[in-house]
Amino acid sequence: MRKVEGLVNTKRKQGNINKEIYGHFSEHLGRCIYEGIFVGEDSDIPNTKGMRNDVVEALKNLDIPVLRWPGGCFADEYHWMDGIGPKESRKCMVNTNWGGVVEDNSFGTHEFFELCSQIGCEPYINGNVGSGTVQEMSEWIEYMTFDGESPMANKRAQNGRKEPWKLKYFGVGNENWGCGGNMTPEYYANTYRRFQTFCKNYGDNKLYKIACGPNADDYEWTDKLMSIIGSNFADAISMHYYTVPCGWEKKDTATGFDEKRYYETIESTLRIEEMIDRHLEIMGKYDPEHKVKLVVDEWGTWYQVEEGTNPGFLYQQNTMRDAMVAALNLNIFNRRCDRIDMANIAQVVNVLQAVVLTEGAKIVKTPTYYVFEMYKRHQGATLVDCYLDVPKEECEGYTVPLVSSSASVNEAGELTVTLANVSLSEEIECQMDVVGSYGAVTGTMLTGNMGDFNTFEKDDVVKPQAFTGASLADGALTAKLPPCSVVTLVLK
Ligand code: AHR
């Protein structure tokens with residue numbers, strides 16, 4: 001068994017792990033909203049005001065802090081007024097990005113806030129820059145947040161909601177370098193400055209404005225954008241990075257892959273770390289005080305769709321490989337919590353790296369779900385120094401560090417250490433000196449073969465189990481991580 005040494009120093013506090021790093025994303029795409037979340041009040045599937053009870057329950061259990069909506073690419077063709085008022089008179093549209101299906105707008109602004117209130121999370125709304133107007137965006141914010149008499153607040157009251165909602169997170173466009181208008185960075189940056197001017201703070205509602213940031217390693221976008229918006233017009237810029245083994249043209253299958261593809265996926269997902277650091281460095285040139293944060297509001301794996309499903313619906317299975325991807329990314333985001341305010345895995349139900357899948361009345365939790373469950377103790381906790389002297393290995397032609405880690409201390413003083421062993425063949429013993437007073441360690445583990453996944457027929461192939469491979473004595477923490485495993489340790 002290989003041994004690696006390290007240190008967890010609870011005296012070296014690195015900042016607050018914003019709970020929004022554990023955020024999710026819901027788009028009018030495939031069976032995410034319709035079927036996956038919203039089935040309507042008349043459905044046989046148990047629901048509350050149209051929202052599936054089983055899905056809401058599962059998401060509540062994750063303590064989901066924030067949910068992004070309505071897109072994605074859909075956001076820049078969404079006209080919010082089509083989604084309010086009596087359902088029978090709501091205008092239909094064609095969802096051109098995602099399968100060309102008819103969108104009946106039965107899930108709109110009121111339904112989204114209802115969903116967030118049932119889950120108990122913050123709403124994050126993404127406005128339309130690509131095909132929308134400044135007036136439309138400005139009126140949406142007035143509709144949602146104005147308290148008192150105003151044309152939009154009155155309209156809201158007519159539609160059954162007298163009180164304004166609280167809305168913090170607001171995105172001004174999505175992927176405006178692509179589906180959101182194919183803009184140049186200069187054009188978008190100036191457009192952003194204009195649109196955001198009319199995103200007003202009404203009463204005590206204070207918007208946190210998010211500008212469209214880069215795609216993956218497009219550093220030029222970040223540079224030009226930041227040079228024009230500077231540090232006074234946005235609270236954050238967004239970044240998107242998908243892990244796409246075999247590349248965009250071909251894409252890997254979600255299941256039935258080999259070890260080469262597994263390690264390619266791991267290497268590819270870890271590239272996000274360098275991208276984040278380089279984007280942050282560029283942002284710092286124009287914002288030395290780091291007032292503008294980074295939000296990674298789309299991340300996760302993207303494979304071929306499951307056979308026989310609509311190619312525009314992006315429905316894919318989810319294996320232990322995805323669990324590893326989730327664990328690695330969340331450890332990276334934790335470690336950058338001083339500058340990353342939010343991250344949103346794509347997407348919450350039935351699309352890409354979903355935490356739950358549904359089929360009719362059935363639901364299944366994916367391996368990715370369990371990683372979010374095992375990591376939720378990090379939400380809002382204080383990041384502390386966690387170092388492991390991890391070797392980089394050449395595996396099937398890909399170079400990967402074998403163990404990923406992060407650690408935090410919560411308000412009760414409990415230390416949480418999350419570890420992931422990406423090796424498919426080696427058990428790894430982590431020996432860490434712990435600075436801090438702790439008497440006992442308990443653990444939870446997710447492990448299996450790289451291709452294991454849960455199905456509607458057998459939903460417990462991959463599920464967390466008690467971890468008995470850890471010990472704590474005289475400030476020395478030892479954890480024996482099986483191959484392909486994610487482990488959460490709690491020290492009290
Ligand atoms: O998550 C699916 C799509 O990926 C989103 O709509 C878009 O923003 C991105 O390209």
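Strand β22 (residues 441-447) and strand β26 (residues 485-491) are paired in the antiparallel sense over 7 bridges. Strands here are DSSP runs of E with at least two residues, helices are runs of H or I with at least four residues, and both are numbered from the N terminus. Two strands count as paired if DSSP finds at least two bridges between them. In this pairing, Thr 447 stands opposite Ser 485 in β26. The model is a predicted one, in which local features need pLDDT of at least 70, side-chain atom pairs count only at pLDDT 80 or more, and totals for chains, interfaces and linings use all residues. Residues are numbered from 1 along each chain as its sequence is written, and side-chain values use heavy atoms, with hydrogens and water left out.

Both strands belong to an open sheet of 10 strands with mixed pairing, in the order β23-β22-β26-β20-β19-β16-β1-β21-β25-β24. Because β23 (465-466) and β24 (470-473) stand at the edges with a single partner strand each, one side of each is left without a neighbour in the sheet. Helix α9 (residues 320-335) packs on this sheet and touches β16 (382-388), β19 (403-409), β20 (415-421), β22 and β26, where contact means heavy atoms within 4.5 Å. The direction of α9 makes about 50 degrees with that of β19; axes are lines fitted to C-alpha atoms, for helices over the stretch in contact, and angles run from 0 to 180 degrees between N-to-C directions. Helix α10 (residues 367-375) lies across β20, β22 and β26 and runs at about 165 degrees to β22.

A separate pairing is that of strand β14 (residues 356-359) with strand β15 (residues 362-365), antiparallel over 4 bridges. Leu 357 has Val 364 in β15 as its bridge partner. The hairpin of β14 and β15 has 2 residues between the strands, and Gly 360 takes a positive phi near 55 degrees there.

The structure also contains a closed barrel of 8 strands with parallel pairing, running β2-β5-β8-β9-β10-β11-β12-β13. On average, neighbouring strands of this sheet are turned by 25 degrees against each other, direction ignored. Helix α5 (residues 185-197) packs on the sheet, touching β9 (169-172) and β10 (208-211), and its direction makes about 160 degrees with that of β10. Within the barrel, strand β11 (residues 236-243) runs parallel to strand β12 (residues 293-301), and 7 bridges join the two. Tyr 242 stands opposite Gly 300 in β12.

Side chains of opposite charge can pair when their charged atoms come close. The structure holds 25 salt bridges, each defined as a side-chain nitrogen of Lys or Arg within 4 Å of a carboxyl oxygen of Asp or Glu. One of them joins Arg 68 to Glu 298, with the closest N and O atoms 2.9 Å apart. This pair links distant parts of the chain, for Arg 68 lies in strand β5 (residues 66-69) and Glu 298 in strand β12, 230 residues apart.

Arg 68 also appears in the lining of a cavity. A cavity is a set of points, on a 1 Å grid over the protein atoms alone, where a 1.4 Å probe fits but cannot get out, and lining residues have an atom within 4 Å of a point. Grid points are joined across faces, edges and corners, and a volume is the space filled by probe spheres set on the points. A search of the whole structure finds 2 cavities of 30 Å³ or more. The second largest has a volume of about 30 Å³, and its lining includes Arg 68, Tyr 124, Ser 238, His 240 and Asp 297. Strands β8 (122-127) and β11 are the elements that give two or more residues to this lining.

The largest cavity has a volume of about 50 Å³. Among the residues lining the largest cavity are Tyr 78, His 79, Trp 80 and Trp 140. Helix α3 (residues 134-145) gives the largest share of this lining, 3 residues.

Some backbone details remain. The peptide bond from Trp 69 to Pro 70 is cis, with omega near 5 degrees, and Pro 70 is found in the loop between β5 and β6 (93-95). Another cis peptide bond joins Ala 346 and Gln 347, with omega about -15 degrees.

Technical notes. 1 Å grid on protein atoms, 1.4 Å probe; cavity = no way out; pocket = protein on both sides within 12 Å on 5 of 7 lines; lining within 4 Å.
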